[in-house]
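Trainee: Could you walk me through how some of the helices pack in this one? I'd like to go contact by contact.

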Amino acid sequence: MLERHEIESFLVLAEELHFGRTAERLRLSQARVSQTVRKLERRIGAPLFERTSRRVELTPLGAQLHAELEPVVRQLDAVVERAIAAARGVEGVLRVGFLGAGAGELTTAIMDGFRSRHPGCEIQMRETHFADPLGPLRDGDVDVLLTRLPVEEPDLTVGPVVLSEPRVLAVAAGHPFARRRTVSLEDLARDTVFGVTGPAPQYWWDFHVPSRTPSGRTIPKGQSVATFQELLALVATGQGISPVAASVERYYARPDITFVPIEDAPPTHVAVVWRTAGVTARIRAFAGAAADAVRANGGPARY
């Protein structure tokens with residue numbers, strides 16, 4: 001059986017590939033780290049690192065051990081931290097950011113599940129905007145987000161997917177597309193869509209409002225928008241069209257806009273997202289409540 005300090009020394013050294021930095025992180029001497037790693041290698045029966053005067057590298061066996069051991073340790077730590085949180089109680093304030101309708105009808109189930117387990121923790125909710133969907137999380141204004149995917153940021157963790165829905169095309173009520181039963185992504189090249197004012201990741205906006213059709217045709221872009229209400233106002237006055245989530249028709253219905261199903265658009269998903277380095281017992285408890293709500297629902301909420 002490996003000892004905990006051996007595992008920690010191995011994992012940190014595998015990440016840092018430098019004995020000095022590893023020693024600093026573990027608050028040990030370099031000699032102690034080296035001694036611990038050598039002891040671990042004797043237990044395994046083969047070298048885990050290749051050491052030279054200039055560099056430290058994982059051996060193939062070391063890389064295999066790291067790939068299999070690291071997620072197990074992370075999961076074990078999470079189990080222990082959840083037990084500690086349950087014993088102490090999750091208290092304080094949890095600030096939850098939400099984009100649009102959040103998790104839709106599943107939002108209430110998530111919040112109720114969290115509050116029932118952790119009545120000593122207050123939830124404060126704040127709306128975020130598509131012009132800067134990740135900014136409030138990065139700035140520390142919220143602790144966790146219910147936001148649209150994709151989120152492909154190295155410093156952020158994507159947790160449970162809580163909502164999955166098709167996409168529709170928002171057009172003015174008098175637009176020719178308003179008389180159609182469905183449209184395709186190729187149809188987007190026949191009108192104008194909108195850009196975004198703000199630091200939203202380009203890959204995020206390209207997914208929701210593509211710049212080209214599947215066949216490669218350019219989709220014209222008009223003025224940029226900063227808020228969803230601004231986008232709807234421009235659509236309603238015939239200044240362009242926009243792909244949106246199907247739930248928009250339910251939560252933002254208005255007589256001057258028609259929503260037409262896009263037959264070939266991939267679905268859009270909402271997930272729980274948080275800063276990896278800033279994870280707390282409250283955030284884990286919220287993610288757990290979200291996962292439980294999804295399971296009880298038989299999967300993510302759908303429209």
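Trainee: Which residues of α2 meet α3?

Mentor: In α2, Phe-19, Gly-20, Thr-22, Ala-23 and Leu-26 meet Gln-30, Val-33 and Ser-34 in α3, where contact means heavy atoms within 4.5 Å. This is a predicted model, in which local features need pLDDT of at least 70 and side-chain atom pairs count only at pLDDT 80 or more, while totals for chains, interfaces and linings use all residues. Residues are numbered from 1 along each chain as its sequence is written, and side-chain values use heavy atoms, with hydrogens and water left out.

Trainee: And what classes of residue make up that contact of α2 with α3?

Mentor: By class there are 4 nonpolar, 4 polar and no charged residues, counting Ala, Val, Leu, Ile, Met, Phe, Trp, Tyr, Cys and Pro as nonpolar, Asp, Glu, Lys and Arg as charged, and the others, Gly among them, as polar.

Trainee: At what angle do the axes of α2 and α3 cross?

Mentor: The axes of α2 and helix α3 (residues 30-44) cross at roughly 100° and come within 8 Å, with axes being lines fitted to C-alpha atoms, for helices over the stretch in contact, and angles running from 0 to 180 degrees between N-to-C directions. That makes α2 roughly perpendicular to α3, since angles of 65 to 115 degrees count as roughly perpendicular, those under 35 as roughly parallel, those over 145 as roughly antiparallel and the rest as oblique.

Trainee: What about α1 and α2, how far apart are their axes?

Mentor: The axes of α1 and helix α2 (residues 19-26) are 9 Å apart, and the two helices pack at an angle of about 130°, so α1 and α2 are oblique to each other. On the α1 side the contact is made by Glu-8, Ser-9, Val-12, Leu-13, Glu-15 and Glu-16, and on the α2 side by Phe-19, Arg-21, Thr-22, Arg-25 and Leu-26. By class, the contact of α1 with α2 has 4 nonpolar, 2 polar and 5 charged residues.

Trainee: What comes right after α1?

Mentor: Leu-17 follows α1, and its phi is positive, near 55°.

Trainee: Switching to the loops, is Thr-213 buried or exposed?

Mentor: Thr-213 counts as buried because its relative accessibility is 5%, where buried means under 20% relative accessible area, exposed over 50% and partly exposed in between (1.4 Å probe, protein chains only). Thr-213 is found in the loop between α7 (202-208) and β9 (221-225), and, leaving aside neighbours within four places in sequence, Thr-213 is in contact with Leu-185, Glu-186, Ala-189 and Ile-219.

Definitions and conventions
Helices (H or I, at least four residues) and strands (E, at least two) are DSSP runs, numbered from the N terminus.
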